[in-house]
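Dear colleague,

I am passing on the structure we spoke about, with the sequence alongside. Please look through it first; my notes on what was found follow below.

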Amino acid sequence: MEFCDAFSLLICQGMVQSENRKLEISDGPDGNSYELYEGDSKQLIVSPWPFEMDSFKVLYETRILNQLVFNNDSEFKKAFLAAPVKLREVIVSKK
């Protein structure tokens, strides 16, 4: 669970480095340490490869809220629902 949470946060927060610079994801359930980097074709590479398929597509939505502090939950909800939704797509690949 920790691996998947860390992996998704790195992707969604745009923390993947360019120029093949590796970023540690976390230790997986098998005890191995996993890294993530952007390949030459802009796909995301995970090493060592923990998945069954050689590659897969991840689609996710983002919303940018410029306001940092909210007075209550309903104010946050109103701002969240009003924010434009952007669909993002990344390819996660073995190589």
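Ser-26 counts as buried in this predicted model, because its relative accessibility is 6%, and buried here means under 20%. The residue belongs to strand β1, which covers residues 23–27. If its neighbours within four places in sequence are set aside, Ser-26 is in contact with Glu-2, Phe-3 and Ala-6, and also with Asn-32, Ser-33 and Tyr-34.

Phe-3 and Ala-6 also appear among the buried residues of helix α1 (residues 2–12), together with Phe-7, Leu-10 and Ile-11. Viewed down the axis of α1, these buried residues fall within an arc of 130°, so they line one face of the helix. What do the buried residues of α1 pack against? They pack against strand β1, and likewise against β2 (33–38), β3 (44–47), β4 (55–63) and β5 (85–93). Just after α1, Gly-14 takes a positive phi of about 65°.

As you may want to know about the cysteines, I add a word on them. A search of the whole structure finds zero disulfides. Cys-4 is in no disulfide, and the cysteine sulfur nearest to its own, that of Cys-12, is 12 Å away, whereas a disulfide requires a pair of cysteine sulfur atoms within 2.5 Å. Cys-12, for its part, is in no disulfide either, with the sulfur of Cys-4 as the nearest cysteine sulfur. Cys-12 counts as partly exposed, because its relative accessibility is 43%.

With best wishes

Terms used:
Residues numbered from 1 in each chain as written. Predicted model: local features only at pLDDT ≥ 70, side-chain atom pairs only at ≥ 80, totals over all residues. Heavy atoms only, no water. Helix = DSSP H or I, 4+ residues; strand = E, 2+ residues; numbered from the N terminus. Buried < 20%, exposed > 50% of the residue type's maximum accessible area, 1.4 Å probe, protein only. Contact = heavy atoms within 4.5 Å. Arc of directions from axis to C-beta.
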